[in-house]
Each structure stands twice: as structure tokens, then as C-alpha cells.
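The following exercises concern salt bridges, helix geometry and surface exposure. Each task is followed by a worked solution.

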Amino acid sequence: PHSRQAYVTLGLRCGAFRFCGPMEAEANAPAKAAAPPVPEVTPGARISAAVLYGMTSLLIVAMNKEVLTSYAFPSSNVLAMGQFVFTLVAMLPLHLFGLLKLEPLSGRVVSLAGPLSILFLVDVLCSLAATQRLSLPMFTVLRRFAIPMTMLLEKAWGQATPPRLVQFSVWMMVVGALVAAYDDLGYDFLGYVLVLIGDAMTALHGCLIKFTLSDKSKLDKVNLMFYNALFSSLLMTPLLLNSGDELTKTYQFSHWGNSVFLVALFCAVSLGLALQYTIALCTEVNSALTTGVVGCFKNVVTAYMGMIIGGDYLYSPLNFAGVTIGVIFSVVYSFATFRNFLQPSKPDAALTPVLKTYLK
């Protein structure tokens, strides 16, 4: 009589089978764990993260230029190593006193942080070397090529599809960079190659860090910063030991007794930690594209400031026009992007399953 509508469960109750209806069977079934809700990011948090990253990025570019060009510090690699070591020295005591939690080193940590560290290291080394060879205005306009690279990667990997106004402003910034480069009186081929390699590393690093931070089962910002610095310093050590007379020139540098230089050097080294944190924070609550263009928008200040500090900018009307085109469309992009911050939004989707599988 219960053949079609009843569910038969084999349970030992008084030595007999027990029949239960569909409703009762559903009630007795183990409850499925509810998926945790995705937290909303408020407009204030998104804007604050973007502004903090922009200010930190502006300061570190200015300090790096001051140390490498104004004081002619002999080694950008030593400066990069100083930034990595400062991060480790600052974070380890906080971990030992229980103020932050670092995951123990494992194969999982290496697989997640290792690729990011390699990309970050190449980016830092190329960017510092390019800063030393190029004027700040040309360095900043060439760094804008990181933005279309990021935009294309995000679109290919399913992270974000920016509105048309954003895409138009990004490509116009590239046009401005090409115009400025066409009449660059201080043209340096190696400097151009280095900054473009750095652009590619910035774009790839930004997209991968967005994926890593979007899944809370992976590494958080603090662990990414620490292991990024640890792996980068380990990779840097043999490079410095085999750099010829680079360490000797650094040891014999004439400004070690100059207190103003030491302050600038300390700022350049310590801001590396702040920059890593603000990059991760801005990318997590916004997107890799937003992080890239906020970094570009701070160049509105850097581009014109660089015509004064450093003393290596050579003015020409066409070059200045190209720099200005890039600046104008940086403002257009910022308007289009931050207009979308007026409403809370959830973090962008993660990457495609193919890339997820590769990174596991």
C-alpha cells in the first residue's frame, strides 16, 4: 500500500522495518551547511583603500627617485633587498608576540606565494632600474601600459569587464604615452624595455593576487606580504653575490654620513612594506584594474613633480603634450571608476576553473 509514495529506511526498531513518508524523510535528513554570505564592501572602504594605495605609491616613487638619481645610489638591487629585509624584520617580532598570525612554511604556501614572489621580484627590480635610467615623467607615462595589460588579463580570466568609458580612457592613456615616447629627448632603450617588463609583471601579479585573496581558504594579505618578502630576498641573495662590484660600490658610497640621505633611504626601504599591504588591500576590495589605474592616477602628481625633481627631464612640446593627454584621461578614468563606488558591491568573481586548477 505504501509502494510508490513511501521511502523505506532500513532501521532496526523493535526488529521491524519502519516506513516514513516523504516529509518525514526530508525532516530526518541531515541539514546542509549554509554557505557563508559574501561580505559587502562599502563605498567608503573601497575609496579609502584606493586613496591609501595612491598616497603610498606616490611617496615611494618620489623616495626611490631621490635615492637613486638625486644621490646617485649605485645599486637599485641593494635598495630592493633592503625593502624585503625591512618587511621581514618588521613582521617577525609581531608574529612572535602574537600580534599577527603567520602560517608555517609548507608546500601549499610555496605553491601559492612562490609564483607571486617571482612576479613581484621581477617587477620591483625592473621598475627600480627603469627609475634610475628614465626621467620621472617618462617613467610614469610608460607605466600606464600596465593598465591595458591588466584590463585584457581580467577580461580573459573572467575577473571583470569594465564599462566602455573606462576602456576608452585606458586606451587614451596609452595614446598619450605613445605621443610622449615619440619625442622623448632622453630616450633610453634599456629603460623602456625594463619598464615594459615591469608593466607586464604588475598586470599578471595583480590578477593572480586577486584570485588568491578572493578565496579565504588560501593565503591572506599578511601571509602574502611576509612570504613574498621571504622568497624574494632568498632569490635576491645569489643575484647580489654574483653582481660583480655592486656591493663594493654600495659599501664605498660617499653619502653614508649624510643624515638627509639616510632619512630618504629609510623612507624608500620602509615604504616597501606599506606598498605591499596597500596593493593587496586595494586589489582585494576593488579589482586589479582599479589598483593599476589608481597607481597611474597618482602619476598625475608624479608626472609634473618629476619635471622638477631629479633634474633629468628634457622638455619638448610634443612630449609634454603626450604626458598631459595621459594625465587628462587618468582623471576621466578615475571619475568613471569611482562613480561606480556609490553603491556597495561584492568582490569580483574568481578566475576561470582552468587557472584555479593550475594554481591548486
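**Exercise 1. A salt-bridge network**

In this predicted model, the side chains of Arg143 and Asp199 form a salt bridge with an N to O distance of 3.2 Å. Determine which parts of the chain this pair ties together, and which residues belong to the network of salt bridges.

*Solution.* Step 1: Arg143 belongs to helix 5 (residues 136-143), and Asp199 to helix 8 (residues 189-214), so the contact joins parts that are 56 residues apart in sequence.
Step 2: Arg143 also meets Asp123 in a salt bridge, at 3.6 Å from N to O. This pair links helix 5 to helix 4, across 20 residues.
Step 3: Asp123, Arg143 and Asp199 are accordingly linked in a network of salt bridges.
Step 4: The cut-off for a buried residue is a relative accessible area under 20%. Arg143, at 19%, is therefore buried, and Asp199, at 0%, is buried as well. Asp123 is also buried.

**Exercise 2. A salt bridge with partly exposed partners**

Classify the two residues of the salt bridge between Arg108 and Glu103 as buried, partly exposed or exposed.

*Solution.* Step 1: The N to O distance of this pair is 2.7 Å.
Step 2: Partly exposed residues lie between the limits of 20% and 50%. Arg108 has a relative accessible area of 34% and is therefore partly exposed; Glu103, with 26%, is partly exposed too.
Step 3: A search of the whole structure finds five salt bridges.

**Exercise 3. The span of helix 4**

Compare the expected span of helix 4 (residues 107-133) with the distance between its end C-alpha atoms.

*Solution.* Step 1: Helix 4 has 27 residues, and at 1.5 Å a residue the expected span is 39 Å.
Step 2: The end C-alpha atoms are 39 Å apart, so the two values agree.
Step 3: Helix 4 nevertheless contains a kink of about 35° at Ala113, shortly before the proline Pro115.

**Exercise 4. Leu96 and its surroundings**

Decide whether Leu96 is buried or exposed, and identify the nonpolar surface patch that includes Leu96.

*Solution.* Step 1: Leu96 is located in helix 3 (residues 76-96).
Step 2: Its relative accessible area is 69%, so Leu96 is exposed.
Step 3: Leu94, Leu96, Phe97 and Leu99 make up the nonpolar patch, with a joint accessible area of about 510 Å².
Step 4: An unreviewed UniProt entry lists residues 78-97 among its "transmembrane region" spans. In the model, residues 78-97 are 95% helix and 0% strand, with end C-alpha atoms 29 Å apart.

Technical notes: Residues are numbered from 1 along each chain as its sequence is written. This is a predicted model: local features need pLDDT of at least 70, side-chain atom pairs count only at pLDDT 80 or more; totals for chains, interfaces and linings use all residues. Side-chain values use heavy atoms; hydrogens and water are left out. Helices (H or I, at least four residues) and strands (E, at least two) are DSSP runs, numbered from the N terminus. The expected span of a helix is 1.5 Å times one less than its number of residues. The bend at a residue is the angle between axes fitted to the seven residues ending there and the seven starting there. Patches are made of residues with over 30% relative accessible area and no salt bridge: like charges are joined within 9 Å, nonpolar side chains (Val, Leu, Ile, Met, Phe, Trp, Tyr) within 5 Å. Accessible areas come from the Shrake-Rupley method with a 1.4 Å probe; for residues, only the protein chains shown count as cover. A salt bridge is a side-chain nitrogen of Lys or Arg within 4 Å of a carboxyl oxygen of Asp or Glu. Buried means under 20% relative accessible area, exposed over 50%, partly exposed in between (1.4 Å probe, protein chains only). UniProt positions are given in the numbering used here, feature names are shortened, and annotations may be inferred rather than shown by experiment.
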